[in-house]
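Please look at the sequence and the structure shown here before reading on. The paragraphs that follow take up charged pairs, one residue in a strand, and pairs of packed helices.

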Amino acid sequence: MAEQVRIAVVGPFSGPRSAWGELLRRSARQFTEPSLVWELHDDRGDAECGVLRAGDVTDDGGYAAVIGHFNSAGAEGALPLYRRAGLPVVLPLATRPGLLAGSGGGALRWCPDDLGQLRAIAAAAAGHGLARLLVGHDDSDYGRHLAALFTALPAPPLALSALPSPWKPRAGDAVAVCGTHVGVAGVVRGLRRAGFDGRLFATDDCSVGEFAELVGTAGRDVHVTRLAGGPERRVEAAFTALAGALSGDPAARGERLLARIRAHADAAFTADGELDVSPGTDAGHGWEIRPVRPARPGTRGTGGAPAEVASFDVAVVGAGVVGSAVAAATAAAGARTALIDAGPAVPSATHWSGGIVRAYDPDPDMRALAVRSHQLLWGRSSGHARRYGFRRTGSLVLLGPGDLPEAVRGVVELQAGGIEAELLTVEDIADRWPQLAAEHAAGAVWEPGGGCADPRLTTSEYRRQALATGAQVLDDARVFALEPHPLGALVRLDGSSVLAHSVVVAAGSGTPALLAERLPAGAGTAEPVTRRIRYGYFDRGGRALPALVDLVTGVWGRPMPEEPGAGTLLVGRPVDEWGVPPGGGTQLTPEQVEYVRDGASTVWPWLREARCLGGRHGTDLYRKDGPLLGVVPGEPWTVVAACWSGGGFKTAPAAAESAAEKVLANLRRQGRISA
């Protein structure tokens with residue numbers, strides 16, 4: 001299989017301008033092919049956020065090109081970053097005048113600039129015999145900028161002036177309103193309420209279907225400027241050229257790629273990358289004015305969502321390993337997916353996981369998930385599993401006398417699932433691993449195919465897959481509440497909301513705060529409870545060791561091939577600290593280190609003298625009756641995947657598969673995705 005080429009798509013995929021981001025999303029799906037991966041980066045149509053997303057893209061270092069930004073101010077701030085990184089940029093819809101002037105290349109713009117649309121409005125007003133055109137705005141930075149450009153234009157025979165306040169309309173007046181489609185709709189409604197019934201012109205941000213729904217009956221005699229042929233045409237043309245350039249020459253980068261994009265384009269460009277307009281064309285070239293078409297009763301521009309709400313088929317709350325794997329599965333099945341990450345301030349349990357991978361677990365339900373996870377991921381070819389950070393060291397589970405009957409059943413189940421496993425005696429353990437002490441155990445389950453993984457790499461690979469198949473990641477968007485909505489669920493975030501037809505909560509220790517009394521209690525358990533996990537990195541002195549879990553003492557350990565702690569043994573011991581807040585850290589006190597050392601030296605006697613090279617602590621969610629994986633009662637319709645009681649990482653692939661299957665089945669019942 002040819003190596004995939006990654007392209008960053010930057011635009012407003014959430015927030016009040018998300019209707020524009022949908023154009024980019026639609027083309028990314030249309031041009032999906034095995035060798036091209038379009039990864040969405042949400043800048044919410046905000047200039048500052050756009051520059052931050054540009055930083056994310058350039059820091060990644062793995063992209064061939066960028067397509068977007070929609071917001072011109074964001075593009076202006078981002079372009080120097082891309083230029084320094086040598087990343088070609090394709091701009092389908094950024095219309096600010098002079099955006100590429102003097103740049104010397106590095107970007108290609110598929111649209112004419114705003115001066116053309118303003119001249120097109122003036123010409124249309126003059127053509128209707130209007131004497132005066134008053135120019136207003138929605139008080140956004142974008143609207144004020146456009147209005148200032150407009151009133152500075154020479155536009156005979158029209159008289160152009162700013163819309164005064166207070167204002168009394170007179171015969172022959174027309175009003176042009178500059179700004180975002182949400183803001184302009186509000187201004188238009190206000191003018192109609194004030195008694196103005198004359199002709200209104202709105203700038204190009206209003207050339208989305210949502211605008212007609214927002215203005216409602218106030219949209220009579222409102223005309224909207226749009227790029228000739230519609231903005232969709234510009235976006236598709238830009239994607240066509242970029243996809244054609246990379247499909248024909250996947251290794252092209254920098255100037256070579258820019259030259260190939262020009263060769264595949266349906267337009268000509270100046271040396272700076274501006275759309276080349278032939279001399280003598282009319283002042284409004286590339287723009288057209290069209291009347292607003294009334295919205296059909298009962299319809300909404302984003303499928304029933306309020307204008308400030310982004311709409312998805314599924315919202316996955318929690319971007320740890322399970323949540324990221326769920327998002328990858330639902331997006332791959334064609335569901336519009338939002339993966340909502342609480343961000344670095346609230347790291348997931350995955351961030352602090354020990355990452356031990358095995359198929360045996362004394363609990364039959366967890367064992368079934370672990371066996372399925374081995375079949376889905378951990379047991380696949382070494383090259384495939386290594387992409388997820390997995391390393392085969394073998395896995396050893398030490399058993400007490402009471403554990404032996406279940407272990408016999410478990411080994412039979414593992415072998416039936418195609419997993420190599422055997423029961424070992426204490427003598428077997430001493431012969432194979434003389435550096436271990438197992439006299440306190442009654443035996444062990446040995447899996448040569450077990451081992452350990454870097455949880456960060458595992459999560460990152462699932463997240464990459466989710467992005468590649470169209471999922472949108474909402475970073476640093478803390479979830480406050482899940483509320484019922486006529487179309488599903490309203491997920492309330494910092495400063496915005498997400499509407500989803502289905503929700504998956506895989507938020508680890510944050511799950512009880514979101515689902516509260518909806519979580520079923522286990523027998524004798526009032527509710528799931530958090531517990532502190534704490535472990536240290538000890539110098540293993542070059543010893544070759546398996547990953548190990550001791551069911552007798554509760555200690556566990558695994559070799560660390562990755563940072564932090566490369567070349568060490570990561571060792572954990574249960575801590576009797578319950579009801580702790582979610583989160584974690586990278587510091588242990590000397591007393592905490594010695595607590596871990598004392599317990600672990602029962603299994604690894606040489607740890608009594610080994611140097612401790614650091615430690616960390618995190619939080620897990622426990623439940624007496626085992627994990628929660630399924631649909632929870634109440635509204636909104638929600639699947640939960642939580643309460644792994646410290647051993648969930650190994651089962652993540654199967655847990656995510658199960659959660660995704662439930663969500664996709666629900667979406668198929670609703671007719672939102674095909675069967």
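The structure holds 27 salt bridges, and since this is a predicted model, each of the pairs described below is a feature of that prediction. Side chains of opposite charge can pair when their charged atoms come close. One such pair is formed by D60 and R6, whose side chains meet in a salt bridge with 2.9 Å from N to O. Because D60 belongs to helix α2 and R6 to strand β1 (residues 5–11), this pair ties together parts that are 54 residues apart in sequence. The two partners can also be described by their accessibility: D60 is partly exposed, with a relative accessible area of 38%, whereas R6, at 18%, falls under the 20% limit and therefore counts as buried.

A second salt bridge joins R132 with D173, where the closest N and O atoms are 2.7 Å apart. This pair links distant parts of the chain, with R132 in strand β6 (residues 132–137) and D173 in strand β8 (residues 173–178), 41 residues apart. Are these two side chains buried or exposed? R132 is buried, with a relative accessible area of 15%, and D173 counts as buried as well, at 5% relative accessibility.

A third pair, E461 and R387, forms a salt bridge in which the closest N and O atoms are 3.8 Å apart. E461 is part of helix α16 (residues 455–468), while R387 is found in the loop between α13 (382–386) and β15 (390–392), so this salt bridge ties together parts that are 74 residues apart in sequence. Here E461 is buried, with a relative accessible area of 9%, and R387 is partly exposed, with a value of 45%. Salt bridges also occur in a network, in which R367, E406, R409 and E413 are linked.

From the charged pairs we can turn to a residue in a strand. A65 lies in strand β3 (residues 63–68) and is buried, with a relative accessible area of 0%. Which residues does A65 touch, if those up to four places away in sequence are not counted? They are R6, I7, A8, L87, P88, L242 and L257, and R6 in this list is also the salt-bridge partner of D60. A65 and G254, although 189 residues apart in sequence, are 8.2 Å apart in space, C-alpha to C-alpha.

The helices come next. Two packed helices are described by the angle between their axes and the distance between the axes. Helix α2 (residues 47–60) packs with helix α3 (residues 72–85) at an angle of about 20°, and their axes are 7 Å apart. Since angles under 35 degrees count as roughly parallel, α2 is roughly parallel to α3, and the crossing of the two is right-handed. On the α2 side the contact is made by A47, G50, V51, A54, G55, V57 and T58, and on the α3 side by A73, G74, G77, A78, L81, Y82 and A85. Sorted by character, the residues of this contact divide into nine nonpolar, five polar and no charged.

Helix α8 (residues 231–248) and helix α9 (residues 254–264) pack at an angle of about 120°, with 8 Å between their axes, and they are therefore oblique to each other. The crossing of α8 and α9 is right-handed. In this contact A241, L242, G244, A245, L246 and G248 of α8 meet L257, R260, I261 and H264 of α9, a set that divides into six nonpolar, three polar and one charged. Two of these residues, L242 and L257, have appeared before, as they are among the residues that A65 touches.

The last pair returns to α16, the helix that holds E461. The axes of helix α10 (residues 321–332) and α16 come within 8 Å and cross at roughly 25°, which means that α10 is roughly parallel to α16. Which residues meet where α10 contacts α16? From α10 they are V321, S324, A325, A327, A328 and A331, and from α16 they are T458, T459, Y462, R463, Q465 and A466. The residues of this contact divide into seven nonpolar, four polar and one charged, and α10 passes α16 in a left-handed crossing.

Key: Residues are numbered from 1 along each chain as its sequence is written. This is a predicted model: local features need pLDDT of at least 70, side-chain atom pairs count only at pLDDT 80 or more; totals for chains, interfaces and linings use all residues. Side-chain values use heavy atoms; hydrogens and water are left out. Axes are lines fitted to C-alpha atoms, for helices over the stretch in contact, and angles run from 0 to 180 degrees between N-to-C directions. Helices (H or I, at least four residues) and strands (E, at least two) are DSSP runs, numbered from the N terminus. Angles under 35 degrees count as roughly parallel, over 145 as roughly antiparallel, 65 to 115 as roughly perpendicular and the rest as oblique. A crossing is left-handed if the near helix is turned anticlockwise from the far one by less than a right angle, and right-handed if clockwise. Contact means heavy atoms within 4.5 Å. Ala, Val, Leu, Ile, Met, Phe, Trp, Tyr, Cys and Pro count as nonpolar, Asp, Glu, Lys and Arg as charged, and the others, Gly among them, as polar. Buried means under 20% relative accessible area, exposed over 50%, partly exposed in between (1.4 Å probe, protein chains only). A salt bridge is a side-chain nitrogen of Lys or Arg within 4 Å of a carboxyl oxygen of Asp or Glu.
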